[in-house]
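The following exercises are to be solved from the sequence and the coordinates. Each task is followed by a solution in steps.

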Amino acid sequence: MAIHALDPFYLSLTLLVTAGYQLSGFAIAYTCQFDKITDLTGGSNFFILALLTLLAGGTFHTRNLVASILVMVWAVRIAGFLFFRVLKTGHDGRFDEIRRHFFKFFGFWIGQILWVWIGSLPVVILNSPAISEHDESNPAFGTARDVAGVVLWALGFFTEASADMLKYRYKSSKATSKDKPITVGVWGWSRHPQYFGEMMCWWGIWILCLSPTANGSLPSASRSAQYGAVASPIFTVILLMFGSGMPTSAKPQAKKFYLKSYGPTARPEDAVIWEQYKRYLRRTSILIPLPPAIYERLPPFVKKTVLLDFPMFQFDERKDGPLAIEEAEED
């Protein structure tokens with residue numbers, strides 16, 4: 001039997017749990033001035049919400065179990081990997097400029113509350129009494145949406161996990177030249193495959209959770225809530241494309257390779273590094289994986305619109321180059 005707590009969709013319950021968990025993490029991280037629990041707290045929070053709502057909902061339909069388990073598997077992998085990585089590196093460079101500033105650091109943790117709570121909406125609402133108590137509107141697991149959701153999640157999970165593993169090996173290997181970007185495996189088809197994989201995971205989870213509405217006869221409020229949970233994959237796309245994802249890596253990486261060729265310590269023979277990187281940009285999709293031979297032949301207009309390689313991600317060597325050199329010389 002489902003436990004009713006605050007509202008029939010578990011929105012208030014999960015928001016309170018998430019806020020309490022994240023603010024506790026913030027208090028520890030800010031007081032101790034370290035980064036080791038930041039990503040661990042974020043990833044594990046997804047696990048907590050999926051398990052909590054599954055148990056509280058009290059209805060263990062196959063779809064509820066599968067959706068909850070997939071979220072928990074994703075959460076364990078990403079939290080475990082990021083925790084392992086920060087233990088190896090000792091700190092997270094993203095927080096070097098804000099760790100000592102209370103409100104800036106606090107702002108990051110508020111963002112993490114939103115990320116976890118909005119991201120978890122599909123499985124939270126599926127497990128809630130508003131959905132789980134309507135047995136007559138619970139089609140048997142195996143609908144086309146169920147299959148599509150699981151397949152999409154599996155492809156996304158493989159893409160994200162393999163991208164993280166390959167990138168970690170590339171960075172930690174002393175035998176691998178760092179004068180060229182990583183192009184092994186999924187990195188040969190996309191410059192940000194880990195973000196594309198994460199997007200696919202959350203689109204898959206939302207589609208998987210949708211069958212009680214699309215194939216059943218739920219009340220209008222419950223149907224609206226399930227459709228409204230599309231905020232989860234949309235928020236993930238927006239966050240990774242315009243927030244903490246691609247903007248923090250696309251131009252900074254290009255700047256790094258530009259300075260290898262033209263920075264204060266560059267040698268004349270290093271000019272080839274930037275030329276090689278520009279060819280890599282011409283051949284490698286910024287997000288959506290495509291074979292380099294196909295991507296290279298596409299018109300620039302298609303790359304900069306349909307394939308999302310917007311100007312905000314591009315390093316302009318005529319405008320950004322001199323500024324990058326000036327900053328490097330000051331350092």
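A residue is called buried at under 20% relative accessible area, exposed at over 50% and partly exposed in between, with a 1.4 Å probe and protein chains only. The model is predicted, so that local features need pLDDT of at least 70 and side-chain atom pairs count only at pLDDT 80 or more, while totals for chains, interfaces and linings use all residues. Residues are numbered from 1 along each chain as its sequence is written, and side-chain values use heavy atoms, with hydrogens and water left out.

**Exercise 1. Cysteines**

Determine how many disulfides the structure contains, and explain the result for Cys201 and Cys209.

Solution. A disulfide is a covalent bond between the sulfur atoms of two cysteines. The criterion applied here is a pair of cysteine sulfur atoms within 2.5 Å.
1. The search over the whole structure returns zero disulfides.
2. For Cys201, the closest cysteine sulfur belongs to Cys209 and is 13 Å away, which is too far for a bond.
3. Cys201 is buried, with a relative accessible area of 1%, and Cys209 is buried as well, at 2%.

**Exercise 2. Aromatic pairs**

Classify the ring pair Phe46 and Trp202 and locate its members in the chain.

Solution. Rings of Phe, Tyr and Trp (its six-membered ring) pair if their centres lie within 6.5 Å; planes under 30 degrees apart are stacked, over 60 edge-to-face, and the rest tilted. Helices are DSSP runs of H or I with at least four residues, numbered from the N terminus.
1. The structure holds 20 aromatic pairs.
2. Among them, Phe46 and Trp202 have centres 5.4 Å apart and planes at 40°, and the pair is therefore tilted.
3. This pair links distant parts of the chain, with Phe46 in helix H2 (residues 38-57) and Trp202 in helix H8 (residues 193-208), 156 residues apart.
4. Both Phe46 and Trp202 are buried.
5. Another tilted pair is formed by Tyr277 and Tyr280, at 5.3 Å centre to centre and 40° between the planes.
6. Tyr277 and Tyr280 both lie in helix H13 (residues 271-283), three residues apart, about one turn of the helix.
7. One aromatic cluster comprises Phe257, Tyr258, Tyr262, Trp274, Tyr277, Tyr280 and Phe315.

**Exercise 3. Salt bridges**

State which parts of the chain are connected by the salt bridges Arg63 with Asp146, Asp179 with Lys260, and Glu317 with Lys278.

Solution. A salt bridge requires a side-chain nitrogen of Lys or Arg within 4 Å of a carboxyl oxygen of Asp or Glu.
1. The structure holds 13 salt bridges.
2. In the bridge between Arg63 and Asp146, the closest N and O atoms are 2.7 Å apart.
3. That pair joins helix H3 (residues 62-89), which holds Arg63, to helix H7 (residues 144-172), which holds Asp146, across 83 residues.
4. Arg63 is buried at 1% relative accessibility, and Asp146 is buried at 1%.
5. Asp179 and Lys260 meet at 3.6 Å, N to O.
6. Because Asp179 lies in the loop between H7 and H8 and Lys260 in helix H12 (residues 250-262), the pair ties together parts 81 residues apart in sequence.
7. Glu317 and Lys278 form a salt bridge at 3.1 Å, N to O.
8. Glu317 is in the loop between H15 and H16 and Lys278 in helix H13, so parts 39 residues apart in sequence are tied together.
9. Glu317 is partly exposed at 28%, and Lys278 is partly exposed at 21%.

**Exercise 4. A lysine without a partner**

Establish what surrounds Lys303 and how far away the nearest side chain of opposite charge is.

Solution. Lys and Arg count as positive, Asp and Glu as negative; His and the chain ends are not counted. Contact means heavy atoms within 4.5 Å.
1. Lys303 lies in helix H15 (residues 300-304).
2. Lys303 is buried yet has no salt bridge, and the nearest side chain of opposite charge, Glu296, is 7.1 Å away.
3. Leaving aside neighbours within four places in sequence, Lys303 is in contact with Arg282, Tyr295, Glu296, Leu298, Leu308 and Asp309.

**Exercise 5. Backbone angles**

Report phi for Tyr10 and Leu308 and place both residues in the chain.

Solution. Most residues other than glycine have a negative phi.
1. Tyr10 has a positive phi near 65° and lies in the segment before helix H1 (11-32).
2. Leu308 has a positive phi of about 70° and is placed in the loop between H15 and helix H16 (320-330).

Definitions and conventions. Helix = DSSP H or I, 4+ residues; strand = E, 2+ residues; numbered from the N terminus.
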